[in-house]
Amino acid sequence: MGEVCKRVAPSVREEEEEEENGDGGVDPAAESSSAKLYEDVPEMPLMALNHISRLCKSVDASVRFYVKALGFVLIHRPPALDFNGAWLFNYGVGIHLVQRDDARRAPDVNPGDLDPMDNHISFQQCEDMEMMEKRLNEMGIEYMKRTINEEEGSPIDQLFFKDPDGFMIEICNCENLELVPAGALGRLRLPRDRHNPPLRMAAAGNDEA
């Protein structure tokens, strides 16, 4: 079910040469080139991804999909936004849905077959891939399943499927893959708890958060 893309493992001699170089397999020239990319780039005040916004042909259908298939939660949307849409939030990221019309199309959507090379968003750190696959089957959602990186000793399981508008979503356990900065050690900023919006509990009898 889908092509498995794997990187060719290095030969024993290549591994020995890397050890002899004492650089852990990192090419000094490539490291220097990567470092130059970050020259004159100040430390940015950004903290984390806040939301993605999607045009959809039916806000209601997309809300049902993201709630039922992925467990997102509807949140309050500012009244100043006087066009048809909805906001959802969970897992530290928001999804903003906007009703599509003839003047607003979604050019990055491929209505054809599932292709991991297409534009998509990915949810990593899935604690139970089997449970996610079972849920997709229960909802009758077509998906592609594959495992990559097995030869490197850190297999990554992936599920690819599409929302009602054809935008592709990936679920994976990519936390198994080591995060190795390319010439930018010390520049990575991991999300902190305070990047999440404050939670305001709904008043009694009011279902909106």
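**View 1. F123 stands opposite I171 of strand β8 in this predicted model.** The facing residue I171 belongs to β8, a strand that covers residues 168-172. Strands β5 and β8 run in the parallel sense, and their pairing comprises 4 bridges.

**View 2. The side chains of strand β5 alternate between two faces.** The strand spans residues 120-123. On one face lie I121 and F123, both of them buried. H120 and S122 point to the other face and are not buried. F123, on the buried face, is the residue that stands opposite I171 in β8.

**View 3. C172 and C174 are joined by a disulfide.** The structure holds 1 such link, and the sulfur atoms of C172 and C174 are 2.2 Å apart. The torsion about the S-S bond is -125 degrees, and the link is left-handed. C172 counts as buried because its relative accessibility is 0%. C174, by contrast, has a relative accessibility of 22% and therefore counts as partly exposed.

**View 4. The sulfur of C126 lies too far from any other cysteine sulfur for a bond.** The closest cysteine sulfur is that of C172, at 8.5 Å. A disulfide requires the two sulfur atoms to be within 2.5 Å, so C126 does not form one with C172. C126 is buried, with a relative accessible area of 16%.

**View 5. C56 is a buried cysteine.** The relative accessible area of C56 is 1%, which is under the 20% cut-off and therefore places this residue in the buried class.

Terms used
Residues are numbered from 1 along each chain as its sequence is written. This is a predicted model: local features need pLDDT of at least 70, side-chain atom pairs count only at pLDDT 80 or more; totals for chains, interfaces and linings use all residues. Side-chain values use heavy atoms; hydrogens and water are left out. Buried means under 20% relative accessible area, exposed over 50%, partly exposed in between (1.4 Å probe, protein chains only). Two strands pair if DSSP finds at least two bridges between them.
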